[in-house]
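Work through the following exercises with the sequence and the 3D structure open. Try each task before reading its solution.

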Amino acid sequence: MIDEYFRELQTLIAAFPFVTAVSLHTERRSETIGFVRGDLTFQDGSLLHFREYVRVGENIPVERFTYVYHYQSVEGQRLFRYDNTNHYPGLTGAPHHKHMGENNVASSQAPDLQIVLKEIGSIFIS
């Protein structure tokens with residue numbers, strides 16, 4: 001099951017033509033639990049660093065114990081970052097939140113890689 005999830009991530013990434021380079025590291029912890037770390041480079045040189053520690057199963061949604069999706073410019077400036085580290089417990093929906101730029105934090109829903117890639121894609125389309 002977890003191996004299938006890892007393959008689905010690879011297929012998902014390949015479906016976004018503005019991704020120009022991929023580094024993906026997967027660790028199978030059990031049949032249903034795994035860790036994935038990836039670095040995606042986009043056509044403008046910007047980068048997405050991401051990590052997920054997940055559990056998958058038949059007929060259940062993917063459960064992300066921890067996640068980070070950190071998108072930055074080619075110069076290394078943070079453009080946005082989603083994570084579920086509980087360092088803003090006062091936010092609605094905590095621990096899920098989004099850093100926008102360097103100093104702005106807002107509550108958010110828990111995204112997945114597809115949502116994040118679509119958000120980045122909207123930057124290239126606009």
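**Exercise 1. A buried polar residue**

Task: Find what Gln72 touches beyond its close neighbours in sequence, and decide whether Gln72 is buried or exposed.

Solution. The structure is a predicted model.

Step 1. Leave out residues up to four places away in sequence; Gln72 then touches Ser46, Leu47, His49, Gln77, Arg78 and Leu79.

Step 2. Place the residue: Gln72 belongs to strand S4.

Step 3. Apply the cut-off for buried, which is under 20% relative accessible area. Gln72 has 14%, so it is buried.

Step 4. Look for a polar partner. The side chain of Gln72 makes a polar contact of 3.2 Å with the side chain of His70.

**Exercise 2. A buried lysine**

Task: Locate Lys98 and find which side chain it meets in a polar contact.

Solution.

Step 1. Lys98 sits in strand S6, which covers residues 97–100.

Step 2. Its relative accessible area is 13%, so Lys98 counts as buried.

Step 3. With neighbours within four places in sequence set aside, the contacts of Lys98 are Phe80, Arg81, Tyr82, Asn104, Val105, Ala106, Ser108 and Glu119.

Step 4. One of these, Glu119, is the polar partner: its side chain and that of Lys98 are joined by a polar contact of 2.6 Å.

**Exercise 3. The nonpolar core**

Task: State how many residues the largest nonpolar core has, and which elements give two or more residues to it.

Solution.

Step 1. The largest nonpolar core has 25 residues. Phe42, Leu48, Leu113 and Leu117 have the most contacts inside it.

Step 2. Two or more residues come from each of helix H1 (2–14), strand S2 (33–42), strand S3 (47–57), strand S4 (60–72), strand S5 (78–83) and helix H2 (113–125).

Step 3. H1 gives the most, with six residues.

Step 4. Take Phe42 as an example. Not counting residues up to four places away in sequence, Phe42 touches Phe18, Val19, Thr20, Leu47, Leu48, Tyr71, Leu117, Ile120 and Phe124.

**Exercise 4. Two helices, each with a buried face**

Task: For H1 and then for H2, list the buried residues and find where they lie around the helix axis.

Solution.

Step 1. Check the length of H1. Its 13 residues reach 19 Å from the first C-alpha to the last, close to the 18 Å expected at 1.5 Å a residue.

Step 2. The buried residues of H1 are Ile2, Tyr5, Phe6, Leu9, Leu12 and Ile13. Viewed down the axis of H1, they fall within an arc of 120°, so they line one face of the helix.

Step 3. Recall the general rule: an α-helix has 3.6 residues a turn, so residues three or four places apart point the same way.

Step 4. Turn to the other side of H1, where Thr11 and Ala14 are exposed. The cover over the buried residues of H1 includes strand S1 (19–28), S2, S3, S4 and H2.

Step 5. Repeat for H2. This helix has 13 residues and spans 18 Å from its first C-alpha to its last, close to the 18 Å expected at 1.5 Å a residue.

Step 6. In H2 the buried residues are Leu113, Val116, Leu117, Ile120 and Gly121. They fall within an arc of 140° as seen down the axis of H2, so they too line one face.

Step 7. Lys118 and Ile125 are exposed on the face of H2 turned away from its buried side. Among the elements covering the buried residues of H2 are H1, S2, S3, S4 and S5.

Step 8. Inspect the start of H2: a side-chain oxygen of Asp112 comes to within 3.2 Å of the backbone nitrogen of Gln114.

**Exercise 5. Salt bridges**

Task: Give the number of salt bridges, and examine three of them.

Solution.

Step 1. Start from the principle that side chains of opposite charge can pair when their charged atoms come close. The count here is seven salt bridges.

Step 2. Arg29 and Glu27 form a salt bridge at 2.7 Å, N to O. Arg29 is partly exposed at 47% relative accessible area, and Glu27 is partly exposed at 27%.

Step 3. The side chains of Asp83 and Arg81 meet in a salt bridge at 3.2 Å, N to O. Asp83 is buried, with a relative accessible area of 0%.

Step 4. In the salt bridge of Arg28 with Glu31, the closest N and O atoms are 2.5 Å apart. Arg28 is partly exposed at 45%, and Glu31 is partly exposed at 41%. Through shared partners, salt bridges join Asp3, Arg28 and Glu31 into one network.

Conventions: Residues numbered from 1 in each chain as written. Predicted model: local features only at pLDDT ≥ 70, side-chain atom pairs only at ≥ 80, totals over all residues. Heavy atoms only, no water. Core = buried A, V, L, I, M, F, W, Y, C linked by side-chain atoms within 4.5 Å. Buried < 20%, exposed > 50% of the residue type's maximum accessible area, 1.4 Å probe, protein only. Helix = DSSP H or I, 4+ residues; strand = E, 2+ residues; numbered from the N terminus. Contact = heavy atoms within 4.5 Å. Expected span 1.5 Å × (residues − 1). Arc of directions from axis to C-beta. Polar contact = N/O pair within 3.5 Å; in protein donor to acceptor, adjacent residues only side chain to side chain. Salt bridge = Lys/Arg side-chain N within 4 Å of Asp/Glu carboxyl O.
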